[in-house]
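Work through the exercises below with the sequence and the model open. Each task is followed by a solution in steps.

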Amino acid sequence: MDNSLVSHRPTVASEPGRTLRNWNGSDVSHPRVIAVPSDSSELAEVVKDRDTYQSPLRAAGSLHSMNACFETTGTQVMTRALNEIKVDLAEQTVTVGAGVTLLQIRNTLRPMGVQLEVTPEIGNATAGSVCCCGTKDSSLGRTGLGQVSSAVCAMKLVNARGEVEDVSEKSDPERMRVLRSSYGLLGIVYEVTFRIQPAVLLRYEYAVLPLVPAPTIEQMRAGADAMLGFAQPYANRIIVERRFRLPDGAGGPTRFSRAKRRFRDILWESGASFFPARLPHNWWFDTQDRLLQTQLRILTAIGGFTAHRWDSTVDFKPNRSDWVDFTFWAIPVSRWAEFTPAVREFCERFREQTGFRMSIMAEVYALARDQHSLLSPSPNEDMLTMDVVDTRTNDPLWAEFNKQFNEVAADFVGRPLLNQTKHPNRSLVQRTLGPEWLRFLEIRKREDPQGRFLNGFFGDLV
Ligand SMILES: Cc1cc2nc3c(=O)[nH]c(=O)nc-3n(C[C@H](O)[C@H](O)[C@H](O)COP(=O)(O)OP(=O)(O)OC[C@H]3O[C@@H](n4cnc5c(N)ncnc54)[C@H](O)[C@@H]3O)c2cc1C
């Protein structure tokens, strides 16, 4: 490493390059230099100075993405020094630096009794990433937002020409729509404004239904305002977490409710991966399929639990002994009944041919139709996701499973997220994101003809 690269640029804190890994080590980045700007002018200096800060320039938040979207052989821009938080209760917004995590936002807003409109499980994701990449939670209500970027009402970024762009929903809704799914390819974001709302209290219950024949979304919800499913294709089951919105002013969770919620979170954060990572694979996976539904049924039998929506935010710490890896596919609700038998058939065929089966159940989020971003995963109708999950992050059979699963999902008009779907390729992305992708490619080429932000991962897709 040539340290002279960084030594004559004292204004922006920089470090020599080193290998950076994402949370579970599935993907790596090998930057020549790491820049840590602390404000917009330092960020603009990094973007403009192509000699010191060589291309590709890729931002990095908490490195919790599930593919190599963050990788670079040039400059990694760490956003950790962009860390201010400003709450405006009168305007019902929170404005944060790009490096602020969803957990920090939750902890700032909670004492004020307010929350972000979309509160996913992942607490580590940073504002800079979630405003322009895909991060989701199940929609609350038939039309509720399911994508964090859709609740972003303004952002500030430095584009490929090194200019500051200050865009808001009010000033330029169409530009916001493009930026909300721009994946760092149109600029590096340094400040984000989210809408906030009064805290939402939910009651949680569980039900076990067959995966095939597929229940309708109404049967899965059974009157609930939101649902998250845990699909078990080998056992032909889907466990449904039903979330009922309680009226404003309802009393907060009791201590017993909090204890039950904690049990659910331990299962979520590490319980589901702890045993599969240690016990004989296929024997344990089948047993766990049975145990999990029993545990969640017991939770329901003893009254479910009540929790604030913000309680679902989890700190996925980097120091742990077992890992999970997952992919993302959203399937139109109108194709779900045909899709679930195809998933079961694929899983069984792959197990027969290779001996490999998924170690943990797949997550099924319900996303309402949403056109707030150009590359939205639910642009035309409500979608259900099938995020298949495994504990063997770097197993070649897991990679092969995902490559084949990509084709199954694409056959059912699935939509990917470019920071979460594993092993995407050019034809798959063109086929699944269709005309919106082509329009995005035109915009990207016009705004960044020299590929300042185009790394190898995205270079293979465009
Ligand atoms: C254990 C675990 C649980 C998860 N749970 C969920 C979940 O519940 N729901 C969900 O939707 N996702 C979930 N994810 C995925 C995760 O939310 C997203 O991948 C998210 O983008 C990660 O944010 P990050 O800050 O770590 O981004 P990074 O991984 O650091 O970066 C992701 C992408 O964003 C770009 N980027 C980062 N900052 C900026 C910026 N300031 N300007 C422009 N581009 C930028 C990067 O270049 C990269 O392409 C989970 C991931 C893990 C590891």
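## Exercise 1: a charged residue in a helix

Arg261 has a relative accessibility of 4% and therefore counts as buried. The model is a predicted one.

Task: find the element that holds Arg261, then list what Arg261 touches beyond four places in sequence.

Solution.
- Step 1. Arg261 sits in helix α7, residues 255-274.
- Step 2. With neighbours up to four places away in sequence left out, Arg261 touches Tyr204, Phe305, Ala307, Asp311 and Ser312.
- Step 3. With Tyr204, the side chain of Arg261 makes a polar contact of 3.2 Å to the other side chain.

## Exercise 2: the ligand

Task: state how many residues surround the ligand and which are the closest. Then find polar partners of the ligand at Ser129, Lys136 and Val189.

Solution.
- Step 1. The ligand is surrounded by 33 residues, and the closest are His64, Ser65, Thr126, Ser129 and Lys136.
- Step 2. By class, this shell has 17 nonpolar, 13 polar and three charged residues.
- Step 3. At Ser129, an N or O atom of the side chain is 2.7 Å from an oxygen atom of the ligand.
- Step 4. At Lys136, a backbone N or O atom lies 2.6 Å from a ligand oxygen atom.
- Step 5. At Val189, a backbone N or O atom lies 2.9 Å from a nitrogen atom of the ligand.
- Step 6. The ligand taken alone exposes 980 Å², and the protein buries 98% of that area.
- Step 7. Two or more residues of the shell come from each of β5 (57-60), α4 (127-130) and β12 (188-198). Strand β5 gives the most, with three residues.

## Exercise 3: nonpolar cores

Task: give the number of residues in the largest nonpolar core and name the residues with the most contacts inside it.

Solution.
- Step 1. The largest nonpolar core has 78 residues, and Ile105, Phe194 and Trp437 have the most contacts inside it.
- Step 2. Helix α11 (residues 426-447) gives the most to this core, with six residues.
- Step 3. Apart from neighbours within four places in sequence, Trp437 is in contact with Leu375, Leu418, Val429, Gln430, Leu461 and Val462.
- Step 4. A second, separate core has 33 residues, including Trp329, Ala342, Val388 and Val408.

## Exercise 4: two residues in one loop

Task: are Gly414 and Thr421 buried or exposed? Find what each of them contacts.

Solution.
- Step 1. Gly414 is in the loop between α10 (396-411) and α11, and Thr421 also lies in the loop between α10 and α11.
- Step 2. The cut-off for buried is under 20% relative accessible area. Gly414 is at 2% and so counts as buried. Thr421, at 1%, is therefore buried too.
- Step 3. Leaving aside neighbours within four places in sequence, Gly414 contacts Trp329, Ala330, Ile331, Ala409 and Thr432.
- Step 4. With the same kind of neighbours left aside, Thr421 contacts Asn67, Thr327, Phe328, Trp329, Asn406 and Pro416.
- Step 5. The side chain of Thr421 reaches the backbone oxygen of Phe328 at 2.7 Å.

## Exercise 5: a partly exposed serine

Task: locate Ser62 and find the backbone oxygen that its side chain reaches.

Solution.
- Step 1. Ser62 is in the loop between β5 and β6.
- Step 2. Its relative accessibility is 27%, so Ser62 counts as partly exposed.
- Step 3. Beyond four places in sequence, Ser62 touches Thr101, Asn124 and Thr126.
- Step 4. The Ser62 side chain reaches the backbone oxygen of Asn124 at 2.6 Å.

## Exercise 6: backbone geometry

Task: check the peptide bonds before Pro56 and Pro213, and the phi angles of Gln92 and Tyr183.

Solution.
- Step 1. Most residues other than glycine have a negative phi, and most peptide bonds are trans.
- Step 2. Ser55 and Pro56 are joined by a cis peptide bond, with omega about -10°. Pro56 is in the loop between α2 and β5.
- Step 3. The bond from Val212 to Pro213 is cis as well, with omega near 0°.
- Step 4. Gln92 has a positive phi, near 60°, and Tyr183 has a positive phi near 50°.
- Step 5. Gln92, with a relative accessible area of 28%, is partly exposed, whereas Tyr183, at 3%, is buried.

Terms used
Residues are numbered from 1 along each chain as its sequence is written. This is a predicted model: local features need pLDDT of at least 70, side-chain atom pairs count only at pLDDT 80 or more; totals for chains, interfaces and linings use all residues. Side-chain values use heavy atoms; hydrogens and water are left out. Helices (H or I, at least four residues) and strands (E, at least two) are DSSP runs, numbered from the N terminus. Buried means under 20% relative accessible area, exposed over 50%, partly exposed in between (1.4 Å probe, protein chains only). A polar contact is a pair of N or O atoms within 3.5 Å; within protein, one must be able to donate a hydrogen and the other to accept it, and residues adjacent in sequence count only if both atoms are side-chain atoms. Contact means heavy atoms within 4.5 Å. A residue is near a molecule or strand if one of its heavy atoms lies within 4 Å of it. Accessible areas come from the Shrake-Rupley method with a 1.4 Å probe; for residues, only the protein chains shown count as cover. Ala, Val, Leu, Ile, Met, Phe, Trp, Tyr, Cys and Pro count as nonpolar, Asp, Glu, Lys and Arg as charged, and the others, Gly among them, as polar. A nonpolar core is a set of buried Ala, Val, Leu, Ile, Met, Phe, Trp, Tyr and Cys residues joined through side-chain atoms within 4.5 Å.
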